[in-house]
Amino acid sequence: MKWIQQLLGVIINSTAPLAPKWNGHLAFRIFCTVPPQKPINPRIEEFYSALKSETISLGKHEVMLHSMGQGPTKLLFLHGWMGNAYHWRKYTDALDPSQYTVYLLEAPGHGQAGGKHLNLELYRLGVEQALARIGPVELLIGHSLGSLTAAYTFLKEPALPVNRFVITGAPEGIGSIIAYFQEQLKLSPLAVNNLKAKIEQLLLVPIDQLNLPHFFAQVDRPTLIVHEETDLVTPIGPIRAGLPDNDYLAVHFTQGDDHRLLAETTVATVLQFINQNTHVYQTF
């Protein structure tokens, strides 16, 4: 695996000064490639069998929208990179189906959604299309890349029909993901600039604004932020430093959990927030 990354880095770096646009496209293609998924075991297969599922087309791509329950309060869950709907099983098990209708969105190349590539704009389009089918939701909860997608969706459209947010295990922003990609492939500054130029053509929010601190400053409805103190995948430092003085924000920093944030006490804290029917933002 490491030698493949090194080879890709050499190819990208060597072509960066020769054909910037092509080079940016190549780097972006690699940047968005989803690694092969692990086979689904019987336990996960049983979980999926209990869901109602719908494929939503995004042109050449697709997302999968699963649902369960028939309650009046609607919740929409977004998994992270290399995640799937099963990530949320502890929540679906705990939520009363007579009180909640739970929607689980799977991004392109993840879970049961087809494809091999995912980028932030594709994920945002999936959320947009899901909300068009679902209608307004009480709460949008994301994990890791799903959290950044929730923030991006709001920053692009502040009138988003969502009453509350839960942001768990979020990366600082698109910039930190690019920096990680640069480090893994040992990309040159020129190659990174070519990649950024390609990304800026696609995204509907400037790169320097597509981050969680900007979302924290702009969000105007109750938002719970959950993050593990020792998270090595998405370090807590930028999240902690980016917290503004905003009365809409509540924070729960865990100790002894991990990036998945599925410890019993963590899930209980999020469920408590979910079950608070505040509706302080607006009623749709």
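A helix here means a DSSP run of H or I that is at least four residues long, and helices are numbered from the N terminus. By that count, Pro-213 sits in helix H9, residues 212–218. Everything in these close-ups comes from a predicted model.

**View 1. Pro-213 in helix H9 and its contacts from elsewhere in the chain.** Start with Pro-213, found within H9. If you set aside the neighbours within four places in sequence, Pro-213 is in contact with Glu-172, Pro-238 and Gly-242. Pick out Pro-238 from that set: 25 residues separate it from Pro-213 in sequence, while the two C-alpha atoms are 8.0 Å apart in space.

**View 2. The open sheet, strand by strand.** Eight strands make up this open sheet, and reading across you get S1-S2-S4-S3-S5-S6-S7-S8. The pairing is mixed. Look at the edges, where S1 (52–58) and S8 (249–254) each have a single partner strand, so each has one side with no neighbour in the sheet. From one strand to the next, the twist averages 20°. As a reminder, strands of a sheet pair through backbone hydrogen bonds, either parallel or antiparallel.

**View 3. The hairpin of S1 and S2.** Here S1 and S2 run antiparallel and are joined by seven bridges. For a landmark, find Thr-55, which stands opposite Met-64 in S2. Two residues lie between the strands of this hairpin, and Gly-59 takes a positive phi near 75°.

**View 4. Strand S5 and its two partners.** Residues 137–143 form S5, a mostly covered strand in which seven of the seven residues are buried. One partner is S3 (residues 73–78), which pairs with S5 in the parallel sense over four bridges. Across that pairing, Leu-76 stands opposite Leu-140 in S5. The other pairing shown is with S6 (residues 162–168), again in the parallel sense, over six bridges. Leu-139 has Arg-164 as its bridge partner in S6. To get from S5 to S6 the chain passes through helix H6 (residues 145–156), and this β-α-β crossover is right-handed. Another bridge pair to look for is Gly-142 with Ile-167 in S6.

**View 5. Helices H5 and H6 on the sheet.** After that Gly-142 to Ile-167 pair, turn to what packs on the strands. Helix H5 (residues 120–134) packs on the sheet and touches S1, S2 (61–68), S3, S4 (100–106), S5 and S6. The direction of H5 makes about 125° with that of S1. H6 also packs on the sheet, touching S3, S5 and S6, and its direction makes about 135° with that of S5.

**View 6. Leu-76 and the nonpolar cores.** Which residues touch the most other members of the largest nonpolar core? They are Phe-31, Leu-76, Leu-105, Phe-165, Leu-212 and Phe-215, out of 58 residues in that core. Zoom in on Leu-76 and, neighbours within four places in sequence aside, you will find contacts that include Leu-65, Tyr-103, Leu-105, Val-127, Leu-131 and Ile-134. Leu-139, Leu-140 and Ile-141 are also among the contacts of Leu-76. Apart from the largest core lies another, of 26 residues, among them Leu-75, Leu-139, Leu-224 and Val-267. In soluble globular proteins, nonpolar side chains tend to be buried together.

**View 7. A salt bridge from S5 to S6.** The side chains of Glu-138 and Arg-164 meet here in a salt bridge, at 2.6 Å from N to O. Glu-138 belongs to S5 and Arg-164 to S6, so the pair ties together parts that are 26 residues apart in sequence. Are these two residues buried or exposed? Both Glu-138 and Arg-164 are buried.

**View 8. More of the nine salt bridges.** A search of the whole structure turns up nine salt bridges. Asp-220 and Arg-221 form one, with their closest N and O atoms 3.0 Å apart. Why does Asp-220 count as partly exposed? Its relative accessibility is 28%, and the partly exposed class lies between 20% and 50%. Arg-221, at 0% relative accessibility, counts as buried. Another salt bridge brings together the side chains of Arg-260 and Asp-258, at 3.7 Å from N to O. Asp-258 is partly exposed, with a relative accessible area of 32%. Finally, look for Glu-121, Arg-124 and Glu-128, which salt bridges with shared partners join into one network.

Technical notes. Residues numbered from 1 in each chain as written. Predicted model: local features only at pLDDT ≥ 70, side-chain atom pairs only at ≥ 80, totals over all residues. Heavy atoms only, no water. Buried < 20%, exposed > 50% of the residue type's maximum accessible area, 1.4 Å probe, protein only. Pairing = 2+ DSSP bridges. Right-handed = clockwise from strand over helix to strand, strands pointing away. Axes fitted to C-alpha atoms, helices over the stretch in contact; angles between N-to-C directions. Contact = heavy atoms within 4.5 Å. Core = buried A, V, L, I, M, F, W, Y, C linked by side-chain atoms within 4.5 Å. Salt bridge = Lys/Arg side-chain N within 4 Å of Asp/Glu carboxyl O.
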